[in-house]
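Please look through the sequence and the structure below, and then follow the paragraphs that come after them, which go from the middle of the fold outwards.

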Amino acid sequence: MTFDLLDGSFHPPLFLETLCREEILNAFRRLLQRTPFYGVYKAFGHYPDYWYWILRGRPTRSPHLLKQKTVREYGEKFKVNTLIETGTYYGEMVAAMKRNFSQIYSVESVPGLAERARKKFAAEAHIKIICGDSRIVIPELLDKLSRPALFWLDAGYYGWIGKQGESDRLSIEIKSILSDPLEHIILLDDARGLTGRDGVPSASDVKAYVESTFAKRSVEVKYDILRIIPRSLSDGAD
Ligand SMILES: C[S@@+](CC[C@H](N)C(=O)[O-])C[C@H]1O[C@@H](n2cnc3c(N)ncnc32)[C@H](O)[C@@H]1O
């Protein structure tokens, strides 16, 4: 903390200033979330979010635009035409990917959010919003697939708006996807949530489990996204 001798003002250390700014932004976001304007803000918010992230020196929590780029690139690189998302929320990933995949399924457990997304994508025949618990819906979807799919796992696995996450949900889904005879690709968002505390596995636990149980898969974490791909296709994956 420093004092300015000329005007008597005091300046908190930089880390405190940054912390305050983050807190104010988060409080503003939480307030906005309770209003009907949140959907609109989210639609315009991607670019400012992205540049703000660059300005802050690319902290662990990555912006949605980067997540969209990763999902798009993995679809192209591994020549996968079906995207399956857990956690639709406001349908931002679905909207961003609607021209990149020929079939998109998105699973949302909150009926109001699922209904909102259904209306939003009603005109898109290749997009299906399914209301239900991803733990139950994912195995049902796997039964229907005839070609490998890209899974975007983003259903608040470590807790969501104050609710405690169910520690087994992630492992149930990863296990069912990797046990399928088709070689699916998995991207898990918010890998920083894999803390290794309070019953939540660490990212290295997940890597060790996947690579020892499913020897043909390799796991890496980059930009807060845990990526599980077939080992045979791992060369040159970002
Ligand atoms: C982080 S948001 C998803 C953001 C979205 N994937 C995107 O990229 O824009 C998490 C969502 O997962 C939903 N969710 C939580 N538990 C779920 C479950 N068991 N099955 C399906 N959706 C779930 C929440 O209601 C919330 O809408």
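In strand S6, the side chains of Ala149, Phe151 and Leu153 point one way while those of Leu150 and Trp152 point the other way, and all of these residues are buried. This arrangement can be read against a general rule. In a regular strand the side chains alternate between the two faces of the sheet. The model in which this is seen is a predicted one, and in it S6 is mostly covered, with 5 of its 5 residues counted as buried.

Which residues have the most contacts inside the largest nonpolar core? That core has 41 residues, and the ones with the most contacts inside it are Leu83, Leu150, Phe151, Trp152, Ile186 and Leu187. Strand S6, which spans residues 149–153, gives the most to this core, with 5 residues. In soluble globular proteins, nonpolar side chains tend to be buried together. One member of the core, Ile186, shows how such contacts reach across the sequence: leaving aside neighbours within four places, Ile186 is in contact with Phe151, Leu153, Ile174, Ile177 and Ile228.

The strands can now be placed beside one another. An open sheet is formed by 7 strands in the order S5-S4-S3-S6-S7-S9-S8, and the pairing within this sheet is mixed. Its edge strands are S5 (127–131) and S8 (217–222), each of which pairs on one side only, and from one strand to the next the twist averages 15°. On one side of S6 lies the pairing with S7, which is parallel and runs over 4 bridges; here Phe151 stands opposite Ile186 in S7, and these two residues are also in contact. The pairing of S6 with S3 is parallel as well and runs over 5 bridges, and in it Thr86 has Leu153 of S6 as its bridge partner.

Strand S3 is, like S6, mostly covered, for 5 of its 5 residues are buried. Thr82, Ile84 and Thr86 point one way from S3, whereas Leu83 and Glu85 point the other way, and all of them are buried. S3 also pairs with S4 in the parallel sense, over 5 bridges, and within this pairing the partner of Leu83 is Ile104 while the partner of Glu85 is Ser106. Leu83 is also touched by Gly75, a residue of helix H3. Not counting residues up to four places away in sequence, Gly75 touches Val80, Leu83, Asn100, Phe101 and Leu150. Gly75 counts as buried because 21 C-beta neighbours lie inside 10 Å. Gly75 and Asn100 are 25 residues apart along the chain, yet their C-alpha atoms are separated by 7.7 Å.

Further along the sheet, Lys128 is found in the edge strand S5. Lys128 is 23 residues from Tyr105 in sequence, while the two are 4.8 Å apart in space, C-alpha to C-alpha. With 16 other C-beta atoms within 10 Å, Lys128 is partly exposed.

Which elements each supply at least two residues of the shell around the ligand? They are strand S3 (82–86), helix H4 (92–97), strand S4 (103–108) and helix H6 (134–144). In total 18 residues surround the ligand, and the closest are Gly87, Tyr89, Glu92, Met93 and Ser134. Taken by class, this shell has 7 nonpolar, 5 polar and 6 charged residues.

Two loop residues deserve a separate look. Arg58, in the loop between helix H2 (38–55) and helix H3 (64–77), has a positive phi of about 55° although it is not a glycine. Arg58 is exposed, with 12 other C-beta atoms within 10 Å. Asp190 sits in the loop between strand S7 (185–188) and helix H8 (203–213), and its phi is near 55°, again a positive value in a residue other than glycine. Asp190 is partly exposed, with 18 other C-beta atoms within 10 Å.

Finally, the view can widen to the protein as a whole, which has 8 helices and 9 strands. Of its 238 residues, 26% count as buried. Among the contacts with a separation of 6 or more, 53% are accounted for by residues 24 or more positions apart.

Note on methods:
Residues numbered from 1 in each chain as written. Predicted model: local features only at pLDDT ≥ 70, side-chain atom pairs only at ≥ 80, totals over all residues. Core = buried A, V, L, I, M, F, W, Y, C linked by C-beta atoms within 7 Å. Buried ≥ 20, exposed ≤ 12 C-beta atoms within 10 Å, placed from the backbone. Contact = placed C-beta atoms within 7 Å. Near = placed C-beta within 6 Å. Nonpolar A, V, L, I, M, F, W, Y, C, P; charged D, E, K, R; others polar. Pairing = 2+ DSSP bridges. Axes fitted to C-alpha atoms, helices over the stretch in contact; angles between N-to-C directions.
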